[in-house]
Amino acid sequence: MILALDIGNTSLSLAAFDGDRLVEHDRIPVEEVEWISHTWRSSRLAGRAPFDVVLLSSVRPQAEPPIVAWASAELGATLKRPRVDFPVPLTPRVEAPDEVGVDRLLAAYAAHRRAGGAAIAVTFGTAITVNAVSASGEFLGGAIGPGVGLAAEALARECSLLPRIEPSAQDRVIGTSTESAIRSALYHGFGGLVQRLVSGAAAELGGSPAVFGTGGDAALLSPLLPGMVVVPHLVLEGLVKAWLASRAGA
């Protein structure tokens with residue numbers, strides 16, 4: 001059994017895998033990771049222990065120390081990290097490979113494996129990222145922008161007369177109140193943003209690459225993105241598949 005951990009900007013995702021098959025999943029707000037020892041005992045995953053290996057990907061270094069200590073003390077495990085202890089099997093074709101977030105690489109790798117060829121992985125989290133991988137497994141880069149929730153927070157923080165609105169689906173573009181006008185921009189505006197980025201990336205890739213979406217707002221915006229397959233745990237899937245690929249080649 002494999003325990004895979006992914007520290008994002010807002011949450012820690014945990015999943016137990018049997019080989020590359022996900023069998024259990026849980027999520028912890030990232031501000032609560034300091035109490036992970038307590039939280040773990042009530043997690044659905046605790047009953048899956050012991051684990052053969054514990055994998056960690058992270059885009060929030062400041063949240064890592066308590067997780068590393070917990071893994072050592074309670075699981076008796078030394079964490080294995082992509083790009084440090086094992087590679088993500090994509091060939092980088094970008095200007096600064098070391099600056100690419102590991103979550104982007106893992107999502108792209110999982111998308112490539114699912115597609116069996118060229119693919120686009122879109123992550124809908126604190127940031128929205130569009131990540132392109134060629135048919136031969138080259139990571140070509142993509143686009144990065146603010147996520148839906150981040151935009152909603154910034155609008156309320158910087159515009160004193162505007163409320164904080166929870167994003168939701170909207171049938172109409174023309175809002176008839178301040179709240180519905182904001183929701184329209186968050187829903188239709190970000191749907192249009194991703195549509196344009198995906199169509200542009202697909203044209204540059206050539207052919208008809210498969211498109212996969214993941215992250216907290218993927219399900220919200222998916223009705224505006226026909227052809228996109230939502231895979232809730234794409235980054236964790238890529239983490240595990242990269243580890244298994246490294247073992248197969250060892």
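The radius of gyration comes out at 19 Å for the protein chain, and since a compact globule with 250 residues would sit near 18 Å, the two agree. This is a predicted model, so the figures here are computed from that model. Along the principal axes, the C-alpha trace covers about 55 × 45 × 30 Å.

Packing and surface come next. Of the 250 residues in the protein chain, 46% are buried. Taking contacts with a separation of 6 or more, 55% link residues that lie 24 or more positions apart. The chain exposes about 12,000 Å², with carbon and sulfur atoms supplying 51% of that area. As for charge, there are 20 positive and 25 negative charges, and their mean positions lie 4 Å apart.

On the secondary-structure side, the protein chain holds 7 helices and 10 strands. An open sheet is built from 6 strands, running in the order 5-8-7-6-9-10 with mixed pairing. Its edges are strand 5 (91-92) and strand 10 (228-230), each of which pairs on one side only. In general, strands of a sheet pair through backbone hydrogen bonds, in either a parallel or an antiparallel sense.

Within this sheet, strands 8 and 7 are neighbours in the order. Strand 7 spans residues 127-133 and strand 8 spans residues 138-146, and the two pair in the antiparallel sense over 7 bridges. To pick out one spot, Ala132 sits opposite Gly141 of strand 8.

Note on methods
Residues are numbered from 1 along each chain as its sequence is written. This is a predicted model: local features need pLDDT of at least 70, side-chain atom pairs count only at pLDDT 80 or more; totals for chains, interfaces and linings use all residues. Side-chain values use heavy atoms; hydrogens and water are left out. Helices (H or I, at least four residues) and strands (E, at least two) are DSSP runs, numbered from the N terminus. The radius of gyration is taken over C-alpha atoms; the globule rule is 2.2 Å times the number of residues to the power 0.38. Buried means under 20% relative accessible area, exposed over 50%, partly exposed in between (1.4 Å probe, protein chains only). Contact means heavy atoms within 4.5 Å. Accessible areas come from the Shrake-Rupley method with a 1.4 Å probe; for residues, only the protein chains shown count as cover. Lys and Arg count as positive and Asp and Glu as negative; His and the chain ends are not counted. The place of a charge is taken as NZ of Lys, CZ of Arg, CG of Asp or CD of Glu. Two strands pair if DSSP finds at least two bridges between them.
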